[in-house]
Amino acid sequence: MKSFEGKVAVITGGAGGLGRAFADRAQALGMSLVLSDIDAGALEKTRSALAASGARVAVLAGDISKAEHATALAGLAQREFGGVHCLFNNAGVGCGGFVWENTLEDWDWVMGVNVMGVVHGLRAFTPLMLEAAKRDPGYEGHIVNVASVAGLLTPPLLGIYNVSKHAVVALTETLHHDLALVSPQVKASVLCPGFTPSGIANSHRNRPASAQSDAAPTASMLKAQAMVAKAVESGKLTAQDVANATFDAIRDERFWIFTHPAFKPLLDARLDDMRALSNPRGGAGMRET
Ligand SMILES: NC(=O)c1ccc[n+]([C@@H]2O[C@H](COP(=O)([O-])OP(=O)(O)OC[C@H]3O[C@@H](n4cnc5c(N)ncnc54)[C@H](O)[C@@H]3O)[C@@H](O)[C@H]2O)c1
């Protein structure tokens, strides 16, 4: 996508963290904003701050793990701004612990937001983008699915999160191939950031009551929580750095967005192990940023 001015960005999980940074960058580039988030209070604060700084912004509070929310969000983008050009399937949550100790509620919650949230975003918005491309040969659309380095590596104690982000990588690669079959005007990228200071280590703050489990956290869950909190806090790039790199990649139509090069040797090691059919080298991925 060569120009952003006057176009429309839709961002799920837009109230804070990386989502807010995408919104700030999109606004700076002259885009209108449509933001969704499950945290209605935080979303309203973000809306009012963005509007006060001159943004054209519409918001919808809701849970992206529900298809109806994505459908309503697409309706809002159409009504307010006539469609969408950049879609950021960004909302995500994390939950750690040994995979055999995580509860079914943990699995449903994380897979519901991180995987089905992206699916719902794609199902609601991609047809609108493809229709816009058919109507207008000058239309350009771009979809960014937010995965993680955890979508390429398999750090211990983060099984559900790893599985969900590997799914986002596979989904987005397939989306890239599918789009290439139908239109040169709509592109996709997958964002795989490393640790970046944000609210992700405190995801439970927005865990709906219906997704709660009665079980007390196990020692492995508490250990994972402490490790993630420390790693996220010590991340050297800001959310704004990640957003800037993401918009550069959209402009250059690059599929892979790797913001944290320190993880590259770990990815190389994993690929080398697979090629050599060696057993995975253990434990890598949690401490490096
Ligand atoms: N921060 C990092 O270190 C890091 C690294 C790699 C990937 N990511 C990914 O970046 C994305 C953004 O996370 P972040 O780090 O900004 O965390 P964050 O917690 O600061 O922001 C996530 C936002 O998503 C919202 N959200 C949570 N559940 C939702 C739901 N069901 N429906 C709609 N909105 C919901 C939250 O309220 C929050 O505003 C996530 O997909 C995360 O997995 C983050």
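## A parallel sheet and the helices around it

In this predicted model, alanine 9 stands opposite leucine 33 in strand β2, and that pairing is a convenient place from which to read the rest of the fold. Helix α5, formed by residues 159-182, packs on the sheet, where it touches β5 (141-146) and β6 (186-191), and the direction of α5 makes about 160° with that of β6.

The pairing of alanine 9 belongs to a longer register: strand β1, residues 8-12, is joined to β2, residues 32-37, by five bridges, and the two strands run parallel. Within that register, valine 8 has serine 32 of β2 opposite it. Strands of a sheet pair through backbone hydrogen bonds, in either a parallel or an antiparallel manner. On to the next pair: β2 is also joined to β3 by five bridges, again with the strands running parallel, and here valine 34 has alanine 58 in β3 as its bridge partner.

These pairs are part of an open sheet of seven strands, which are arranged in the order β3-β2-β1-β4-β5-β6-β7 with parallel pairing. At the edges of the sheet lie β3 (57-61) and β7 (256-257), each of which pairs on one side only.

The links between the paired strands can be followed along the chain. Helix α1, residues 17-28, lies between β1 and β2 in a right-handed β-α-β unit, and β2, helix α2 (residues 40-52) and β3 make a right-handed β-α-β unit as well.

Strand β2, which takes part in both of these units, is mostly covered, with six of its six residues buried. Ser32, Val34 and Ser36 point one way from β2, whereas Leu33, Leu35 and Asp37 point the other way, and all of them are buried. The serines and the aspartate of this strand are therefore counted as buried along with the valine and the leucines, since a residue is classed as buried when 20 or more other C-beta atoms lie within 10 Å of its own.

Turning to the whole protein, there are eight helices and seven strands. The radius of gyration is 18 Å, close to the 19 Å that the globule rule gives for 289 residues, so the protein is as compact as a globular protein of that length. Along its principal axes, the C-alpha trace spans about 50 × 45 × 30 Å, and 46% of the 289 residues count as buried. Among contacts with a separation of 6 or more, 75% are between residues 24 or more positions apart.

Methods:
Residues numbered from 1 in each chain as written. Predicted model: local features only at pLDDT ≥ 70, side-chain atom pairs only at ≥ 80, totals over all residues. Pairing = 2+ DSSP bridges. Helix = DSSP H or I, 4+ residues; strand = E, 2+ residues; numbered from the N terminus. Contact = placed C-beta atoms within 7 Å. Axes fitted to C-alpha atoms, helices over the stretch in contact; angles between N-to-C directions. Rg over C-alpha atoms; globule rule 2.2 N^0.38 Å. Buried ≥ 20, exposed ≤ 12 C-beta atoms within 10 Å, placed from the backbone. Right-handed = clockwise from strand over helix to strand, strands pointing away.
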